[in-house]
Amino acid sequence: MKLSALHQSYLNRRRSPLDSSVDAPSKSFLAVFWLVLHCLCCLISLLLGFRFSRLVFFFLVSTPTTNLYSPPFRPNLPPPRIDLTPSNATTAEVKTSSSRVVVGRHGILIRPWPHPDPVEVMKAHRIIERVQREQKAVFGAGGKGSRTVIAVTPTYVRTFQALHLNGVMHSLMLVPYDVVWIVVEAGGVSNETASIIGKSGVRVIHVGFDQRMPNTWEDRGKVEVLMRLRALRVVKEEKLDGVVMFADDSNMHSMEFFDEIQNVKWFGAVSVGILAHSGNAEEMVMSMDKRREMVDEVEERSSLPVQGPACNATDKLIGWHVFNTLPYAGKSAVYIDDVAAVLPQKLEWCGFVLNSRILWDEAESKPEWVKEFGLLNENEGVESPLSLLNDPSMVEPLGSCGRQVLLWWLRVEARADSKFPPGWVIDPPLEITVAAKRTPWPDVPPEPPTKKKDQMSLSQGNNNVVVIPKQQQQQQQQQQQRSSKVRKPKRRSKRNKHEAKPTDTTTQVSSSTKHHQERN
Amino acid sequence: MSNRLSLSAILLFLFFSASSAQHNVRTERISGSAGDVLEDNPVGKLKVYVYELPSKYNKKLLQKDPRCLTHMFAAEIFMHRFLLSSPVRTLNPDEADWFYAPIYPTCDLTPTGLPLPFKSPRMMRSAIQLISSNWPYWNKTEGADHFFVVPHDFGACFHYQEEKAIERGILPLLQRATLVQTFGQRNHVCLDQGSITIPPFAPPQKMHAHLIPPDVPRSIFVYFRGLFYDVNNDPEGGYYARGARAAVWENFKNNPLFDISTDHPTTYYEDMQRSIFCLCPLGWAPWSPRLVEAVVFGCIPVIIADDIVLPFADAIPWEEIGVFVAEKDVPELDTILTSIPTEVILRKQRLLANPSMKQAMLFPQPAQPGDAFHQILNGLARKLPHDASVYLKAGEKVLNWTAGPVGDLKPW
């Protein structure tokens, strides 16, 4: 397709016989003249670096309207060839009916400002973004066959609620499918919870549950079951379509979990990693050692902290792996804030997923091994989701038959008397500030703060100030005391009297509060 | 005859229903009479007789240089192979609608792999002489029911340089025959009215080996890899590609939306799949395999070649699939492309995603339904039945056997 030097030389060789050499002496003079002129032109072109003969022709032949920006001019000049024989003066016009496409040298059209226009660049980026969105919609995770994920979360207001609920919320926000999040709150709908889940950006159904959450794990489990059933009733009433999964607020889910549950037909089970954390490191180690001893004595089965479906070699469900609670016998947490291992139930709800159509009323497409959800009597004690089924052997094991652990179960709660600022906004300011033991400037009185946020600037450098809010306000007489070491006051205090007192790291009133009290 | 017809009708119906059932909701069918033609099955609509020419016209050339199988002119060889084993082939020349002479005129390669067209007219001529003397069918119509595959730069003008090609014109002996060629430009000497334009050969397995998942986001706006100036043959520019490629470079080399360069990256195919628009400007000839690659990889082709006739133009509505930009509008290319409404762009992408569209551009081995071979046969079938004027009376001669440059008349 492209000419090459070889072709060019071949051409020239082919053409030279066609050059009719002539006999008349006048013609030979002309030939010599042309040769000399040609050599001269060649030398000048060599000097200049381009074929200036084109320019000569251009200036001689062209019309005055052409400007220097190489507009479309069609001079019909002969093609570039070394030999200027008369035969190539003919222009290669297309002979047939008027074609505007001409062979020959054309100008290279360059616009006056050949740089990108920012408006067009923005338009192009919008086009790109729209195309990518379309690609995602057609081919990506939201493509055909992707079902809505209906997440059911029982929760209640407590110190660690923000920690747990934010974790679940961020996982749900990352899910590439549509999500409906049903949050059931014990003790009724509260602003606290609503403010957390309002930031999620997914569709949230916030349901209140009238009971308060009890403070033993066992009772809490029972209440959570009731709350989940309440959520399932919402699914039934609103006829939500999708895959129902139970996202307990302290659990951690992997993204593959959401991809895997798309495959469930009616009722599926996944393996859940159990993190029976006690909060007491030594005890954990001891229990692990004990477990290892036990393992040596007894068979090795179920030493894995995993709960989930058990399959035989042909990937059929034959039973359930259940968390071995024997090592923790007698040492498990009873009250919510016990420093002991929190043990799961036999079969946790979070390991099961179901097609929301199981819960719907009309029985046409439901398989017969599913109980009618509307007739379920909660007071009979629903322990695990298997109670929703007539035949528990029809459960589909997911995650390559339970071999993949796709989510982790964990229960961590703060001490019963722990307090936290509502909404995690420090307003009114904290009552108690506890100074760390060493500060470099013990006697420097605090700068009068310009705004509330400057309170934090007091704890600079290696000043670790532990803040414990107190229920009632302490009164104005308390003074600022900083370090436990007795130091000579270097500077005069602005407002407070310094008392060099040996302090312990117990409650002290910060001057900041004082300032605020003064301000308030 | 009637049960053969009904059989073919049933086949057609099944073919239609099967192919329409496969269609994804998201890809658009090229609706209307033009697009559905892509799925026509030519079997039963025509019969082709393949002449038995001596191997010096075909096999020996291939043996001498097997590169003929992989370059962009390989369609002539694969068409021959396809016809030999196709159900449209008939061994009885009296019932044939079309006659095919297996010649490989583009198989005379230089050491670097470029085909030399200088002997091709003589080869053609000698083959036609052979056909006309050994079989009576050529003389009946003077070649009007014969077709030849001439995939060279300017088709049957047999020259790589456009002016020379125009000077020569189509080989006089082929004036009545149907030419299956890649070159297509309106009002051009080298495009006969009844010619069938086909896509150039692009290796299907190689392209399919470089497919990436379709959800990889398309982040390149405009993509092009190739020459802008042909410094060997046109150092000043303005001649190569009629200055259009040089204009693209000069105007958009600084534009971040345009990923254009002369590189030869190994990720060329993958990059095309990550682009929204792929430029397909003319070069020394208006056609190039870039069009095929753009269609296969779902990149909207931006065709910068005035008056070009694209492959299977009567079956594929190229206006709806590609963007046509006049050569004089090249400096405004960015404005043109950014001002296309997004719905139009999405529609073009859906049309490109249609598998029958991609299949029609390819020459797979072995042949598959809906591919370029079948489209050629469809095109030939659409020209049937032959007009009565095609058949000459006994002794009537139309062609001038001595026309053309002196060099062509030498025996091959």
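Modeller: Let's agree on a term to start: a disulfide here is a pair of cysteine sulfur atoms within 2.5 Å. The model we are looking at is a predicted one.

Colleague: Thanks! How many disulfides does a search of the whole structure find?
Modeller: The search runs over all chains. One of the pairs is Cys68(B) with Cys107(B), whose sulfur atoms are 1.8 Å apart. Over the whole structure, the number of disulfides is four.

Colleague: Which hand does the disulfide of Cys157(B) and Cys190(B) have, left or right?
Modeller: The two sulfur atoms of Cys157(B) and Cys190(B) are 1.8 Å from each other. The torsion about their S-S bond is about -115°, so the disulfide is left-handed.

Colleague: And how many residues apart are Cys157(B) and Cys190(B)?
Modeller: Cys157(B) sits in the loop between strand S3 (146-150) and helix H7 (162-168) of chain B. Cys190(B) is in the loop between strand S4 (178-181) and strand S5 (196-197). The pair therefore links distant parts of the chain, and the separation is 33 residues.

Colleague: Is Cys278(B) buried or exposed?
Modeller: Cys278(B) is bonded to Cys299(B), with an S to S distance of 2.0 Å, and the torsion of about 110° makes this disulfide right-handed. Buried requires under 20% relative accessible area. Cys278(B) has 0%, so Cys278(B) is buried.

Colleague: What is the pairing of the bonded cysteines of chain B, numbered in sequence order?
Modeller: Cys68(B) pairs with Cys107(B), Cys157(B) with Cys190(B), and Cys278(B) with Cys299(B). In sequence order, that pairing reads 1-2, 3-4, 5-6.

Colleague: Over in chain A, which cysteine has the sulfur nearest to that of Cys41(A)?
Modeller: Cys41(A) is in no disulfide. The nearest cysteine sulfur is 7.2 Å away, well outside the 2.5 Å cut-off. That sulfur belongs to Cys42(A).

Colleague: Where is Leu40(A) placed?
Modeller: Leu40(A) is one of the residues making a nonpolar surface patch of about 1,000 Å², including Phe29(A) and Trp34(A). With a relative accessible area of 48%, Leu40(A) is partly exposed. Its place in chain A is helix H2 (residues 25-48).

Colleague: What is the mean pLDDT of chain A?
Modeller: Some stretches score low: pLDDT stays under 50 over residues 1-22 and over residues 452-489 of chain A. Where pLDDT is low, the predicted coordinates should not be read in detail. In chain A, 62% of the residues reach 70 or more, and the mean pLDDT is 72.

Technical notes:
Residues are numbered from 1 along each chain as its sequence is written. Chains are lettered from A and ligands numbered from 1 in the order in which they are written. This is a predicted model: local features need pLDDT of at least 70, side-chain atom pairs count only at pLDDT 80 or more; totals for chains, interfaces and linings use all residues. Side-chain values use heavy atoms; hydrogens and water are left out. Patches are made of residues with over 30% relative accessible area and no salt bridge: like charges are joined within 9 Å, nonpolar side chains (Val, Leu, Ile, Met, Phe, Trp, Tyr) within 5 Å. Accessible areas come from the Shrake-Rupley method with a 1.4 Å probe; for residues, only the protein chains shown count as cover. A salt bridge is a side-chain nitrogen of Lys or Arg within 4 Å of a carboxyl oxygen of Asp or Glu. Helices (H or I, at least four residues) and strands (E, at least two) are DSSP runs, numbered from the N terminus. Buried means under 20% relative accessible area, exposed over 50%, partly exposed in between (1.4 Å probe, protein chains only). pLDDT is the predictor's confidence in each residue, from 0 to 100. Contact means heavy atoms within 4.5 Å.
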